[in-house]
Amino acid sequence: NISSPCLTLSISKRKPDILVTDEALVPARFFIPQPPKLDKAALRESVLTDGEVIDGVSLGNGKISLNIRRK
């Protein structure tokens with residue numbers, strides 16, 4: 001963090017995004033039925049939290065966020 005009388009700067013590391021490289025290889029349980037839609041939240045949870053390896057999915061680079069707060 002960098003602070004001054006009028007603002008604060010902070011950098012935080014964010015979770016990586018899910019990059020689906022081949023949706024046809026992703027198991028059906030990650031699709032929301034009618035109409036079929038990939039459930040990226042469930043997919044992200046399984047890959048990031050549970051450490052599951054899923055064909056057709058890879059991790060992207062995490063993002064870095066710069067926050068500026070004015071005082």
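Which strands do the buried residues of H1 pack against? Keep that in mind as you open the model.

**Before you start**

This is a predicted model, where local features need pLDDT of at least 70, side-chain atom pairs count only at pLDDT 80 or more, and totals for chains, interfaces and linings use all residues. Residues are numbered from 1 along each chain as its sequence is written, and side-chain values use heavy atoms, with hydrogens and water left out.

**Stop 1: the whole chain**

Select the protein chain and colour by secondary structure. You should find 1 helix and 5 strands. Helices (H or I, at least four residues) and strands (E, at least two) are DSSP runs, numbered from the N terminus. Along the sequence the pattern reads β-β-β-β-α-β.

Now zoom out. The C-alpha atoms fill a box of roughly 55 × 25 × 20 Å along the principal axes. The radius of gyration of the protein chain is 18 Å, whereas a compact globule of 71 residues would have one near 11 Å. That radius is taken over C-alpha atoms, and the globule rule is 2.2 Å times the number of residues to the power 0.38.

Buried residues make up 20% of the 71 residues. Buried means under 20% relative accessible area, exposed means over 50%, and partly exposed lies in between (1.4 Å probe, protein chains only).

Next, think about contacts, meaning heavy atoms within 4.5 Å. Take those between residues at least 6 apart in sequence: 69% of them join residues at least 24 apart.

**Stop 2: the sheet**

Select S1, S2 and S5. These 3 strands form an open sheet in the order S1-S2-S5, with antiparallel pairing. Strand S1 (2–3) and strand S5 (57–70) are at the edges, each with a single partner strand, so one side of each has no neighbour in the sheet. Two strands pair if DSSP finds at least two bridges between them. Strands of a sheet pair through backbone hydrogen bonds, either parallel or antiparallel.

Look at S1 and strand S2 (residues 7–20). They run antiparallel, and 2 bridges join them. Select Ser3: Thr8 in S2 stands opposite.

**Stop 3: Ile2**

Select Ile2, in strand S1. Is Ile2 buried or exposed? Ile2 counts as exposed, at 56% relative accessibility. Setting aside neighbours within four places in sequence, Ile2 is in contact with Leu7, Thr8 and Leu9. Now pick Pro36 as well. Ile2 and Pro36 are 34 residues apart along the chain, and their C-alpha atoms are separated by 46 Å.

**Stop 4: along S5**

Select Gly60, which lies in strand S5. Gly60 counts as buried, at 15% relative accessibility. Beyond its neighbours within four places in sequence, Gly60 is in contact with Pro16, Asp17 and Leu19. Draw a line from Gly60 to Thr49: they are 15 Å apart, C-alpha to C-alpha, and 11 residues apart in sequence.

Move along S5 to Ser65. Ser65 is buried too, with a relative accessible area of 16%. Neighbours within four places aside, Ser65 is in contact with Ser10, Ile11, Ser12 and Arg14. Show side chains here. Those of Ser65 and Asn67 are joined by a polar contact of 3.5 Å. A polar contact is a pair of N or O atoms within 3.5 Å; within protein, one must be able to donate a hydrogen and the other to accept it, and residues adjacent in sequence count only if both atoms are side-chain atoms.

**Stop 5: the helix**

Select helix H1 (residues 40–49), which lies across S2 and S5 and runs at about 100 degrees to S2. Axes are lines fitted to C-alpha atoms, for helices over the stretch in contact, and angles run from 0 to 180 degrees between N-to-C directions.

Highlight Leu43, Ser46 and Val47, which are buried in H1. Seen down the axis, the buried residues of H1 fall within an arc of 90 degrees, so they line one face of the helix. The arc is that of the directions from the helix axis to the C-beta atoms. Here is the answer to the opening question: the buried residues of H1 pack against S2, S4 and S5. Turn to the face away from the buried side, and you meet exposed Ala41 and Thr49. After H1 comes Gly51, with a positive phi near 75 degrees.

**Stop 6: the loop between S3 and S4**

Select Gln34, found in the loop between S3 and S4. Gln34 counts as exposed, at 76% relative accessibility. Its phi is near 50 degrees, a positive value in a residue other than glycine. Now add Pro35, in the loop between strand S3 (31–32) and strand S4 (37–38). A cis peptide bond joins Gln34 and Pro35, with omega about -20 degrees. Most residues other than glycine have a negative phi, and most peptide bonds are trans.
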